[in-house]
Amino acid sequence: MKPGLLAALFVVSAVATALLVWAGVQPGKAPMKTADVVEVGKVRYSKSGYDITRLDAAAIERLAAGLTDEERTILLRKGTEPAFCGNLLDNKKDGVYCCRLCGLPLFSSEAKFNSGTGWPSFFTSVDPAHVGKVEDRSYGMVRTEIVCTRCNGHLGHVFDDGPRPTGRRYCLNSASLTFYEKGAERPAASMPVKTATAYFAGGCFWGVEDRFQQIPGVLDAVSGYMGGTVTNPTYRQVCTGETGHAETVKVVFDPARVSYGQLLEFFFRVHDPSQVNRQGPDVGTQYRSAIFTTDAAQSDEARAFIEAQRKTTRFVLRGIATQVVPAAEAGAFYEAEEYHQDYHRKHGGSCAMPELP
Ligand SMILES: [Zn+2]
């Protein structure tokens with residue numbers, strides 16, 4: 001590099017640093033981000049059942065094609081609409097306010113109040129995971145910007161001078177929101193994920209639950225008992241082998257992200273389906289390998305999968321002991337005691353994850 005060019009770069013860099021300091025931004029210090037703002041593409045669901053996986057730039061650009069110039073300026077370039085001008089400021093109807101860009105529900109009419117500021121105001125969000133907070137040091141002030149967790153669209157700011165019970169004031173741009181009146185049909189992007197349920201018994205449920213919980217597209221994995229004859233069995237009862245239950249994991253999943261077929265393949269990787277009434281050191285019918293199916297389609301797919309597996313080199317000599325039983329015949333799934341749930345997350349010692357199918 002020529003010395004002249006190097007000197008020029010040095011001057012540009014020094015000027016940029018000086019400008020940042022003047023603007024109140026400390027060089028090298030990234031803006032504060034809460035845990036709500038997540039990496040692009042990492043599959044995540046909120047507790048209220050929405051897919052909040054952070055969209056990538058291409059997806060955001062596709063959605064932004066439908067925005068007006070004003071909405072684009074506010075949502076994508078952190079603009080602010082003039083006070084008392086937004087179309088939702090005086091809206092008093094019951095309903096939900098969703099992100100104008102990606103459709104994620106953000107605020108409810110139940111939390112809306114008249115702040116007198118000229119912008120729609122709410123004292124809480126519909127789900128804390130739907131609204132991300134980012135430190136904003138623009139205009140020589142320190143404020144907390146709020147963004148949509150899914151698309152990172154700019155919404156407004158949140159302040160600590162709101163009413164009870166939260167004491168917060170979420171100050172919104174109308175242009176960042178789409179309002180759906182209570183009872184009105186909402187697009188799929190503004191609805192919770194349509195989930196499906198699967199049940200797998202593959203030995204000690206601590207490990208099976210832990211591993212299923214890590215699959216992208218699984219909303220929840222719960223340890224419990226299924227396939228027995230006693231109502232509300234305890235762990236102690238199940239351990240005697242007399243209730244007939246198998247330690248079972250209930251898997252709630254998003255078929256748009258992970259298929260039942262992929263879960264079957266995964267299930268066969270996290271346990272040994274050739275062992276009869278045992279998994280390694282755990283012996284007894286409660287450790288049997290079983291798939292409890294919720295409908296005929298699951299039964300057909302599980303049976304076809306097992307038949308195909310029988311012919312593979314892994315099982316051609318050893319056979320497969322896995323039972324396929326319709327849940328309607330197996331009886332209810334009973335959640336295990338609280339101390340069995342998320343056992344590995346609470347106590348460490350997580351099982352190694354096999355490669356995903
Ligand atoms: Zn959004």
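**Contacts and burial.** I looked up the contact range in this chain: of the contacts with a separation of 6 or more, 67% are between residues 24 or more positions apart. The model is a predicted one. I then checked burial and found that 34% of the 357 residues in the chain are buried.

**Secondary structure.** I listed the elements and got nine helices and 17 strands.

**Sheet.** I followed one open sheet of six strands, ordered S3-S4-S8-S7-S6-S5, with antiparallel pairing. I noted its edges as strand S3 (112-113) and strand S5 (131-136), each of which pairs on one side only. I looked inside the sheet at strand S4 (residues 121-122), which is joined to strand S8 (residues 169-172) by two bridges in the antiparallel sense. At residue level, I found Ser121 opposite Cys171 in S8.

**Nonpolar core.** Which residues of the largest nonpolar core touch the most other members? I found that Leu106, Cys148, Phe200 and Val251 do, in a core of 65 residues. I asked next which strand gives the largest share of this core. Strand S11 (residues 218-226) does, with six residues. I also checked where the core sits relative to the domains: domain 1 (6-41 + 193-347) and domain 2 (57-190) both give residues to the core, so it lies between them.

**Cys148.** I took one of those core residues, Cys148, and looked up its contacts. Leaving out residues up to four places away in sequence, Cys148 touches Cys99, Leu101, Cys102, Leu104 and Leu106, as well as Gly153 and Leu155. I note that Leu106, one of these partners, is itself among the core residues that touch the most other members.

Terms used. Residues numbered from 1 in each chain as written. Predicted model: local features only at pLDDT ≥ 70, side-chain atom pairs only at ≥ 80, totals over all residues. Pairing = 2+ DSSP bridges. Helix = DSSP H or I, 4+ residues; strand = E, 2+ residues; numbered from the N terminus. Core = buried A, V, L, I, M, F, W, Y, C linked by C-beta atoms within 7 Å. Buried ≥ 20, exposed ≤ 12 C-beta atoms within 10 Å, placed from the backbone. Domains from an automatic or database assignment. Contact = placed C-beta atoms within 7 Å.
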